[in-house]
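Q: Could you take a close look at the ligand site in this model for me? I'd like to know what surrounds the ligand, and how that spot sits within the chain as a whole.

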Amino acid sequence: MELSKRQHRIIEIVKEKGPITGEKIAEILGLTRATLRPDLTILTMSGYLDARPRVGYYYTGKTGGELFQERLLKLKVKDFQSIPVVISEDASVYDGICSMFLEDVGTLFVVNSAGKLIGLVSRKDLLRASMGKQDLEGIPVSIIMTRMPNITVCFPEDSMLEIANKLISKQIDGLPVVKLDKNGSYDVVGRLTKTNITKAFAYIGTEEQN
Ligand code: ADP
């Protein structure tokens, strides 16, 4: 968010004289308190200033970058995740390819008969397994999948920023969103992909209008 000239001026005043009341700031600027109210609201809501009752406004000392990072850390996986698509461990490579097309996803999560996460297959895993093979129905996904404990997972409360960094560092397209059960296995509750990161990015850009 771009601050207006007046908002910059208010920050300067509060930096220099804070804590300072809204009345006093208005007086310095030669404006009424009512004219200033929307600016003060924007500056406190965006974190540049803070206000204490009977004390007034003071400068938080946070830079635009720090405030942006704070905002990013508040975006949680649970607010942006998609529905997971799972297949059973005895499904074939052929079944996997069909699910991927039918469900329009790039990653399938493989679960055992108890519904717990045991692996994952990507588009290229299935492509690789299909090259030069005739009988795709005869190859179980469980022999070609990336398996636990090598699966990178995330949790509903994780921040989107953390997950964006994980996707970059691990060079993968998506992660299962999981909850740990009492036996230490994972229940799959969602899917978090680069598309969800893009949605979070677009959300930040239009946040003021939301
Ligand atoms: P693609 O293989 O279609 O390019 P990815 O880049 O997501 O898709 O996957 C690259 C490799 O990493 C694949 O072998 C896949 O099984 C594996 N992989 C994908 N997601 C994960 C994950 N969350 N944890 C561990 N391995 C993963």
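A: Let's start with the fold: in this predicted model, the protein chain has nine helices and eight strands. The radius of gyration is 25 Å, whereas the globule rule gives 17 Å for 210 residues, so the chain is more spread out than a compact globule. You can see that in the C-alpha trace too, which spans about 80 × 35 × 25 Å along its principal axes. As for burial, 39% of the 210 residues count as buried. The chain exposes about 12,700 Å², with carbon and sulfur atoms supplying 53% of that area. If you take the contacts between residues at least 6 apart in sequence, 54% of them join residues at least 24 apart.

Now for the ligand itself. Its shell is made up of 15 residues, and the closest are Ser 122, Asp 125, Thr 146, Thr 152 and Asp 173. Sorted by character, the shell holds five nonpolar, six polar and four charged residues. Three elements, β5 (117-122), α7 (123-130) and β7 (174-180), each bring at least two residues to the shell.

On to the polar contacts, going by residue. With Asp 125, the side chain does the work: one of its N or O atoms is 2.5 Å from a ligand oxygen. With Asp 173, the contact comes from the backbone instead, where an N or O atom lies 2.9 Å from an oxygen atom of the ligand. Arg 123 also uses its backbone, with an N or O atom 3.4 Å from a ligand oxygen. As for how covered the ligand ends up, the protein hides 83% of the 540 Å² of accessible area that the ligand has on its own.

For a look at another part of the chain, try Tyr 48, in the loop between α3 (33-45) and β1 (49-52). Its relative accessible area is 15%, and under 20% counts as buried, so Tyr 48 is a buried residue. Leaving aside residues up to four places away in sequence, Tyr 48 touches a list of others, including Leu 3, Ile 11, Leu 43, Leu 67 and Lys 62. Tyr 58, Tyr 59, Thr 60 and Gly 61 are also among its contacts. One of these, Tyr 59, is eleven residues along the chain from Tyr 48, and their C-alpha atoms are separated by 6.3 Å.

Key:
Residues are numbered from 1 along each chain as its sequence is written. This is a predicted model: local features need pLDDT of at least 70, side-chain atom pairs count only at pLDDT 80 or more; totals for chains, interfaces and linings use all residues. Side-chain values use heavy atoms; hydrogens and water are left out. A residue is near a molecule or strand if one of its heavy atoms lies within 4 Å of it. A polar contact is a pair of N or O atoms within 3.5 Å; within protein, one must be able to donate a hydrogen and the other to accept it, and residues adjacent in sequence count only if both atoms are side-chain atoms. Accessible areas come from the Shrake-Rupley method with a 1.4 Å probe; for residues, only the protein chains shown count as cover. Helices (H or I, at least four residues) and strands (E, at least two) are DSSP runs, numbered from the N terminus. Ala, Val, Leu, Ile, Met, Phe, Trp, Tyr, Cys and Pro count as nonpolar, Asp, Glu, Lys and Arg as charged, and the others, Gly among them, as polar. The radius of gyration is taken over C-alpha atoms; the globule rule is 2.2 Å times the number of residues to the power 0.38. Buried means under 20% relative accessible area, exposed over 50%, partly exposed in between (1.4 Å probe, protein chains only). Contact means heavy atoms within 4.5 Å.
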